[in-house]
Amino acid sequence: MKTRLIATWLLGIALTGCQKDFLTVIPETALSSATFFKTEADFQQAVNGAYVPFRQMYNERAWVLEEMHSDNTYYARNTLYGAVDPTENVADFAVPTANGVTANDNVLQQFRLNYVVISRANQILSLIDGTGITFTSEAIKNNIKGQALFLRAFSYFDLVRLFGKVPLHLTPVTGREDAALPLSSTEEIYAQIEKDALAASTALPNKATQEAGRATSGAAKTLLANLYITQKKWAQAEPVLRDVITKDGYSLMPDYNDAFSYTNTNKNNAESVFEIQYLEGSAGYNGNQIYRFLPSPITAAEIAPIVGTSNPQPTSQESNNIPTPDLIAAYESGDKRKDISIGTVTLSTSLRAEKKYPYIKKYARPHALNNNTGQNWPVYRYAEVLLFMAEALNEQGKAGEAAGHLNKVRDRAGLAPTKASSQADMREAIFRERRVELAFENKRWFDLTRTGRVKEIIGAYGAKVKANPADYYFPAGAVPPPNAFTVLDDYYGLPAVESALTPYF
């Protein structure tokens, strides 16, 4: 039995558990949970730290596993760049998996980052009610506790949708004996997410009174509704969503373009339910997503109008998260969202005969520093709340009422009201609307898995990629690998590195 300490689960902004040994003396020079939590400010600092891993997660990994692993985006093969990498394996549905585990690094890092959030939340939740610290008010204490509950629920929701079964850690890991836990079932994890999200929804303040950027009661309720919809508990999702719509003060931004933040402005706007916070500059809080998403090789002159920096730099790497022809064709004629979401650029040095490429324009916000951006990443928007409500109502046989919520989203996009009237037609209309409204926001893969349509949709998409590689950004003579589109599972394998540290998977 391999019982090495799993470092991922022990991370907690330097808040390590104190082991009870050698007369239980706590070293006065060591920072631990027993010595750190002395004031209200310490708990506030700890909850601040619990958000931090999301910046790396959404900048580097989530879009790989949850957007490129769909029919929305693909990679643009650069045959001069080198061998196929782990990201391409994800996009090609060819992640090498054996005995339920994979060595793919994107999988490993997403798994670990989620557990860092969980570890930090567990430290707060295990101590906040028993430290004897006097908080300025019960509301402040509940706010901190509610944020920790939300963050733990949010990370477990990501993990369970990616892997199906994962270890359910609810208390801090203090040593090698409790570092490894058996895999909990999907149902057990769902139950814990529901419990945490419900508690967070009552502990947290609403958007109007919460500090900008922090989790709110509306964010917790939206997470809870998302859980219910994933479980097809439509009747339970409806009142939660109705509460968000009628009581929490959100609204659609009149212009779809303004639903997304700029690098320094428009953050946490009226449509934002929850978004990952970035800050341009040298403090280390920045992102660089657009540079990861731009097609390449691109010259300084070609990149300059997209990023708006005074010192544009050329790139020559392989390209990721390139909008597919399938997604581009999914927009209806006259849909304002298309030109806001997707731009085009001509790459003069591309090896393809067709040198014109699409790119994700909604994240191409002007900024000052090359490879250093500050726009926030949208996780939940009010538009999705409306689409969730439409879906929950339709699945209960209320297609007419569902249309009203769907049409609010369509109206902003400049589209006519939906013509769908039957439950089946409305279901498909909502499914299509989610694709274009939420494009590039890491929703598509989870929509495919929760509706049971992975093999149907990705099977057909993969056949098109293999039959017409030039249409999917391969230069002449280049083709997808032989194993492309052979791993059409709803869940990823668990990380092989973590598997080596536990007897349970």
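D42 sits in helix α3, which spans residues 40-51. The model is predicted. D42 is buried yet forms no salt bridge. Elsewhere, a search of the whole structure finds 38 salt bridges. The points below cover D42, two helices, two buried loop and helix positions, and selected charge pairs.

**D42 in α3**

- The side chain of opposite charge nearest to D42 is that of K38, 7.9 Å away. A salt bridge needs a nitrogen-oxygen distance within 4 Å, so K38 does not pair with D42.
- The D42 side chain does reach a backbone partner: the nitrogen of T39, at 3.0 Å.
- Leaving aside residues up to four places away in sequence, D42 touches F36 and F37.

**Helix α6**

- Helix α6 covers residues 105-127, 23 residues in total.
- From first C-alpha to last, α6 reaches 33 Å, close to the 33 Å expected at 1.5 Å a residue.
- The helix is mostly covered, with 19 of its 23 residues buried.
- N104 caps the N-terminal end of α6. A side-chain oxygen of N104 lies 2.9 Å from the backbone nitrogen of N106.
- V116 is one of the residues in α6. V116 has a relative accessibility of 7%, so it counts as buried, the cut-off being under 20%.
- V116 and L80 are 36 residues apart in sequence. Their C-alpha atoms are 37 Å apart in space.

**Helix α16**

- Helix α16 runs over residues 399-412 and has 14 residues. At 1.5 Å a residue it should span 20 Å, and its end C-alpha atoms are 20 Å apart, so the two values agree.
- α16 nevertheless has a kink of about 30 degrees, centred on L406.
- L406 is also among the buried residues of α16. The others are A399, A402, A403, H405, N407, V409, R410 and R412.
- The elements covering these buried residues include four helices: α10 (234-247), α14 (336-341), α15 (382-394) and α17 (423-437). Strand β10 (377-381) is also part of the cover.
- G414 follows α16 and has a positive phi, near 80 degrees.

**Y331 between α13 and α14**

- Y331 lies in the loop that joins α13 (325-330) to α14.
- The relative accessible area of Y331 is 7%, so Y331 is buried.
- Not counting residues up to four places away in sequence, Y331 touches R337, K338, S341, I342, V436 and A439.
- Y331 and A368 are 37 residues apart along the chain, and their C-alpha atoms are separated by 32 Å.

**Salt bridges between distant parts of the chain**

- R435 and D71 meet through their side chains in a salt bridge, at 3.2 Å from N to O. The pair links helix α17, which holds R435, to the loop between α4 (53-68) and β1 (73-76), which holds D71. The two residues are 364 residues apart.
- Both partners fall under the 20% cut-off for buried. R435 has a relative accessible area of 12% and is therefore buried. D71, at 4% relative accessibility, is buried too.
- E271 forms a salt bridge with R381, with the closest N and O atoms 2.7 Å apart. E271 is in the loop between α10 and β6 (272-276), and R381 is in strand β10. They are 110 residues apart. Both E271 and R381 are buried.
- K464 and D326 pair at 2.5 Å, N to O. K464 belongs to helix α19 (residues 454-467) and D326 to helix α13, 138 residues apart.
- The K464-D326 pair has partners with unlike exposure. K464 is partly exposed at 40% relative accessibility, whereas D326 is buried at 12%.

**Salt-bridge network**

- A network of salt bridges links E271, E332, D335, R337, K362, R381, R410, R412, E433, E437 and E441.
- The E271-R381 pair has both partners in this network.
- R410 and R412, also network members, are among the buried residues of α16.
- R337, another member, is one of the residues that Y331 touches.

How values were computed: Residues numbered from 1 in each chain as written. Predicted model: local features only at pLDDT ≥ 70, side-chain atom pairs only at ≥ 80, totals over all residues. Heavy atoms only, no water. Expected span 1.5 Å × (residues − 1). Bend = angle between axes of the 7 residues up to and from the residue. Buried < 20%, exposed > 50% of the residue type's maximum accessible area, 1.4 Å probe, protein only. Contact = heavy atoms within 4.5 Å. Lys, Arg positive; Asp, Glu negative; His and termini not counted. Polar contact = N/O pair within 3.5 Å; in protein donor to acceptor, adjacent residues only side chain to side chain.
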